[in-house]
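Dear colleague,

I am passing on the structure below, with notes on what turned up in it. Please look it over when you have time.

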Amino acid sequence: MRMTKKQKLERVLGDFKLYAKNFIKIIDNNGDLVPFILNDQQTDFIDGMQKFNIISKARQGGFSTVSLSYCLYSACNKPNTNYLILSYKKDSSDALFEKLKMMDSYLPREKYPDLFPKIARSNRDELVYSNGSRITCVVSGNKDVGRGSTYEWIHLSEFAFYTNQSKTLLSAEQSLAKNINSRVVIETTSNGIGNHYFKLFMSAFKGNSKYRAFFIPFFASLYKKQFKSDYDEAWKWHKEYYGHNLTQKDLEEDEKVLYEKGANLKQICWRRWKLTDMELEEFYQEYPSNPMESFISSGESVFNQSKVLERSSNVLPPLSKKDIENDIPAILRKYLGKQLFIYHLPKSNRKYYGGVDTAAGGGGDDSTITIINQEGEEVCSFFNNKIPVYEFAEIVDCLGRFFNYAFLAVERNNVGTPLLERLRKDYQYMNLYKQKIFNQKGKKLMQLGWQTSQVNKSILIQDYKEQFELGMILIHTKDILEQMQIYIDKGNGKTGNSGGNSQHDDLVISASLSVQAMKCGKWYV
């Protein structure tokens with residue numbers, strides 16, 4: 001049975017995607033006025049969005065256009081509602097407002113006068129409709145943005161570049177209407193590590209936030225149309241430069257990974273073309289293939305980020321709990337798959353080396369263990385930020401003995417000293433790293449554990465960097481690799497995580513200590 005005109009209109013009005021296709025016009029890359037038909041990624045976002053949403057993307061993803069269109073759709077259909085679009089600078093805000101007014105100007109008011117309210121007032125940064133609804137486009141910077149109003153939809157465009165991210169977001173959330181239809185949408189390309197956006201997105205991406213994370217890689221299907229002319233130009237360049245079109249057998253190792261993730265040959269060819277005049281780290285930031293690539297800051301990172309990211313894409317998954325829980329000591333089983341990850345069970349006649357970094361166990365820093373085998377491959381990692389020192393000592397002892405009485409380098413700074421005392425006195429664990437020191441009389445002493453100073457910390461980290469980047473050690477734990485991505489040179493010979501108190505580098509330290517244990521060449525048991 002064919003639908004009547006009224007039924008068709010009701011269906012369109014009840015579906016934003018149909019509304020956009022039928023009533024909203026945009027200017028495409030060729031300068032033509034066309035209906036706004038949502039691409040796959042925009043559709044996924046509209047279908048999957050929740051009250052709080054955060055989008056990390058490559059350049060020109062079209063999500064500001066989605067927000068403007070959704071605000072226009074909602075304002076016309078819901079009387080007496082407010083919508084807010086925030087941008088990080090005036091010219092961006094002006095550009096968004098001009099796009100909004102252009103969309104509004106092409107609404108078919110003459111054909112459907114009852115469907116589209118008239119503009120009652122148009123200021124320099126807001127449209128007010130005759131039905132009492134209002135859309136506002138303003139610049140962030142006022143920490144009390146939105147005060148005095150409640151909004152159905154708040155869009156924060158290029159949020160990573162705001163100067164006062166946390167306070168702006170807090171103010172925006174407080175201004176959100178308290179109903180099931182209201183939405184906050186954070187949409188941005190990345191701007192380095194250590195800022196509030198970095199913490200917020202990574203928390204959401206791991207599922208530890210009220211925000212739902214969306215990530216749009218540079219090879220997403222939307223870019224096949226968006227960058228078509230660039231793709232064609234790159235394809236032509238490749239044939240002229242190499243004498244043939246790019247084929248699958250021509251792909252380098254990092255390109256093979258991208259191909260397996262879904263990038264087609266034209267997109268990989270375009271990537272090669274872009275890399276002729278930009279650094280790889282710059283490409284990562286502008287056109288990431290995974291979330292962490294976008295946060296790379298090449299001038300600060302201690303570790304080669306391309307190698308870290310390549311390793312992140314090829315890590316070995318840990319052994320499943322059901323397969324190995326009967327093979328490991330009973331006291332370790334409750335941690336398996338949560339704080340303890342085992343990649344290989346111990347083999348007879350093999351030597352194992354471990355690094356141990358101890359925290360106080362108050363919910364801040366992690367107490368960590370990293371164990372590698374004699375070939376340099378990681379076999380086990382443990383990290384827990386709530387375990388007290390006396391319990392951690394039992395875990396260290398148990399893991400060490402399980403891995404063939406591993407040779408352990410324990411950092412002795414702060415609470416590392418009581419850990420060492422427990423290992424020697426309570427557990428009689430003797431296969432421990434000893435550091436050579438001199439007393440004031442010039443006598444050489446062997447001190448248990450690794451005492452970290454500003455001088456030897458650089459040696460600790462540089463040795464680990466060399467071993468990792470030359471492929472002498474193989475890391476499997478993603479958390480170690482993630483900490484390596486935010487581990488930076490802070491100047492004045494200092495290194496550490498870039499993210500403040502909520503980001504950590506404890507696993508980097510324990511992994512580095514495992515390398516020192518292996519390099520020591522000692523075995524006391």
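Which residues have the most contacts inside the largest nonpolar core? In this predicted model, they are Tyr-19 and Phe-45, in a core of 61 residues. Helix H4 (residues 63-77) supplies the largest share of this core, nine residues. Beyond its neighbours within four places in sequence, Phe-45 is in contact with Asn-53, Ile-55, Phe-63, Val-66, Trp-153, Val-185 and Phe-214. A second core of 34 residues is separate from this one, and Ile-328, Ile-395, Cys-398 and Phe-402 are among its members.

Now the sheets. One is an open sheet of eight strands with mixed pairing, in the order S5-S6-S7-S4-S8-S9-S3-S10. Strand S5 (119-122) and strand S10 (212-216) each have a single partner strand, so one side of each has no neighbour in the sheet. From one strand to the next, the twist averages 15°.

Within this sheet, strand S8 (residues 153-157) and strand S9 (residues 183-188) are parallel and pair over five bridges. Ser-157 has Glu-187 in S9 as its bridge partner.

Two helices can be placed against these strands. Helix H5 (residues 90-105) packs on the sheet and touches strand S4 (82-87), S5, strand S6 (126-129), strand S7 (134-139) and S8. The direction of H5 makes about 160° with that of S7. Helix H6 (residues 165-174) lies across strand S3 (52-57), S4, S8 and S9, and runs at about 165° to S8.

The other sheet to report is also open and mixed in its pairing, with five strands in the order S11-S14-S13-S12-S15. Its edge strands are strand S11 (340-342) and strand S15 (407-410), each of which pairs on one side only. Direction ignored, neighbouring strands here are turned by 10° against each other on average.

Strand S13 (residues 367-373) and strand S14 (residues 378-384) run antiparallel and are joined by six bridges. Here the bridge partner of Ile-371 is Cys-380, in S14. Helix H19 (residues 506-520) lies across strand S12 (352-357), S13, S14 and S15. The angle between H19 and S12 is about 140°.

If you start with one residue, I suggest Phe-45, as it is one of the two with the most contacts inside the largest nonpolar core.

Regards

Conventions:
Residues are numbered from 1 along each chain as its sequence is written. This is a predicted model: local features need pLDDT of at least 70, side-chain atom pairs count only at pLDDT 80 or more; totals for chains, interfaces and linings use all residues. Side-chain values use heavy atoms; hydrogens and water are left out. Two strands pair if DSSP finds at least two bridges between them. Helices (H or I, at least four residues) and strands (E, at least two) are DSSP runs, numbered from the N terminus. Axes are lines fitted to C-alpha atoms, for helices over the stretch in contact, and angles run from 0 to 180 degrees between N-to-C directions. Contact means heavy atoms within 4.5 Å. A nonpolar core is a set of buried Ala, Val, Leu, Ile, Met, Phe, Trp, Tyr and Cys residues joined through side-chain atoms within 4.5 Å. Buried means under 20% relative accessible area, exposed over 50%, partly exposed in between (1.4 Å probe, protein chains only).
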